[in-house]
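Biologist: Before we turn to any one feature, could you take me through how such a model is read?

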Amino acid sequence: MISEILVRGKDEKKVPTDLSEREWARIEKHFRVSYKKGGRLPKYSKKEILEAIFYVLRTGCQWRYLPNDFPLSKTVYEQFRQWKKQGIFEKMNYEITKYSRRKIGRNEQPSACIVDSQSVKTTEKGGSKAMMEVKSKG
């Protein structure tokens, strides 16, 4: 195992949630920051932080239990909150969806939408309160 770590190249993934160079190149523009006006250079790369976020989302572990291979959990969580507030994940998802649809020969914009009718009925009747009444009568 130790020999594998020593032999492993920089481009190889440490964990399945790590980004390949190709994947990072596609989404990197969403995470670029200009330091022309000043500011301190970050201790960790945006890619490292994003990989840590993907690890938490994929494994379901708590932020503070991130393995030591990743940046500090507080740093990762704070960056996650900022990016979420800025809508970066939605923008990134939208672009990836467009790219994927183009790649398989479809129109970038979906032409149909599916709505779960049961969810709509539940919401119209008052959500969980209506469900509790149905359960108590049954």
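Modeller: What follows goes from the overall fold to the core, then to the aromatic rings and a polar site. This is a predicted model, in which local features need pLDDT of at least 70 and side-chain atom pairs count only at pLDDT 80 or more, while totals for chains, interfaces and linings use all residues. Residues are numbered from 1 along each chain as its sequence is written, and side-chain values use heavy atoms, with hydrogens and water left out.

Biologist: How many helices and strands does the protein chain have?

Modeller: Helices (H or I, at least four residues) and strands (E, at least two) are DSSP runs numbered from the N terminus. By that rule the protein chain has seven helices and zero strands, and its elements run α-α-α-α-α-α-α from the N terminus on. Contact means heavy atoms within 4.5 Å; of the contacts in the protein chain with a separation of 6 or more, 47% are between residues 24 or more positions apart.

Biologist: How is the span of a helix judged, and what does H3 reach from its first C-alpha to its last?

Modeller: The expected span is 1.5 Å times one less than the number of residues. H3 has 14 residues and reaches 20 Å, close to the 20 Å expected, and H5, with 16 residues, reaches 22 Å, close to the expected 22 Å. After H3 comes Gly 60, with a positive phi near 80°, and just after H5, Gly 105 takes a positive phi of about 85°.

Biologist: Which residues of H3 are buried?

Modeller: Buried means under 20% relative accessible area, exposed means over 50%, and partly exposed lies in between, with a 1.4 Å probe and protein chains only. Of the 138 residues of the protein chain, 24% count as buried. In H3 the buried residues are Lys 46, Lys 47, Ile 49, Leu 50, Glu 51, Ala 52, Ile 53, Tyr 55 and Val 56, and what covers them includes helix H2 (21-27), H4 and helix H5 (88-103). The buried residues of H5 are Ile 88, Phe 89, Met 92, Glu 95 and Arg 101, and they pack against H2, H3 and H4.

Biologist: How should I read a nonpolar core, and which helix supplies its largest share here?

Modeller: In soluble globular proteins, nonpolar side chains tend to be buried together. A nonpolar core is a set of buried Ala, Val, Leu, Ile, Met, Phe, Trp, Tyr and Cys residues joined through side-chain atoms within 4.5 Å. The largest one has 19 residues, and those with the most contacts inside it are Ile 27, Phe 31, Leu 50, Ile 53, Leu 66, Trp 83 and Phe 89. H2, H3, H4 and H5 each supply at least two residues of this core, and its largest share, six residues, comes from H3.

Biologist: What does Leu 50 touch, leaving aside neighbours within four places in sequence?

Modeller: Leu 50 lies in helix H3 and is buried, with a relative accessible area of 0%. With those neighbours left aside, Leu 50 is in contact with Leu 19, Trp 24, Ile 27, Phe 31, Trp 83 and Phe 89. On the same basis, the contacts of Trp 83 are Phe 31, Lys 46, Ile 49, Leu 50, Ile 53, Ile 88 and Phe 89.

Biologist: How is a pair of aromatic rings described, and how many such pairs are there?

Modeller: A pair of aromatic rings is described by the distance of the centres and the angle of the planes. Rings of Phe, Tyr and Trp (its six-membered ring) pair if their centres lie within 6.5 Å, and planes under 30 degrees apart count as stacked, over 60 as edge-to-face and the rest as tilted. The structure holds seven aromatic pairs. The rings of Trp 63 and Tyr 77 have centres 5.2 Å apart and planes at 65°, so this pair is edge-to-face. It links distant parts of the chain, with Trp 63 in the loop between helix H3 (46-59) and helix H4 (73-86) and Tyr 77 in helix H4, 14 residues apart.

Biologist: Why does the pair of Phe 80 and Phe 89 count as tilted?

Modeller: Their ring centres are 5.7 Å apart and their planes stand at 40°, so the pair is tilted. Both Phe 80 and Phe 89 are buried, whereas Tyr 77, at 33% relative accessibility, counts as partly exposed.

Biologist: Where is Glu 95 found, and which residues does Glu 95 touch?

Modeller: Glu 95 is found in helix H5 and is buried, with a relative accessible area of 17%. A polar contact is a pair of N or O atoms within 3.5 Å; within protein, one must be able to donate a hydrogen and the other to accept it, and residues adjacent in sequence count only if both atoms are side-chain atoms. The side chain of Glu 95 makes a polar contact of 3.1 Å with that of Lys 29, and one of 3.1 Å with that of His 30. Not counting residues up to four places away in sequence, Glu 95 touches Arg 26, Lys 29 and His 30.
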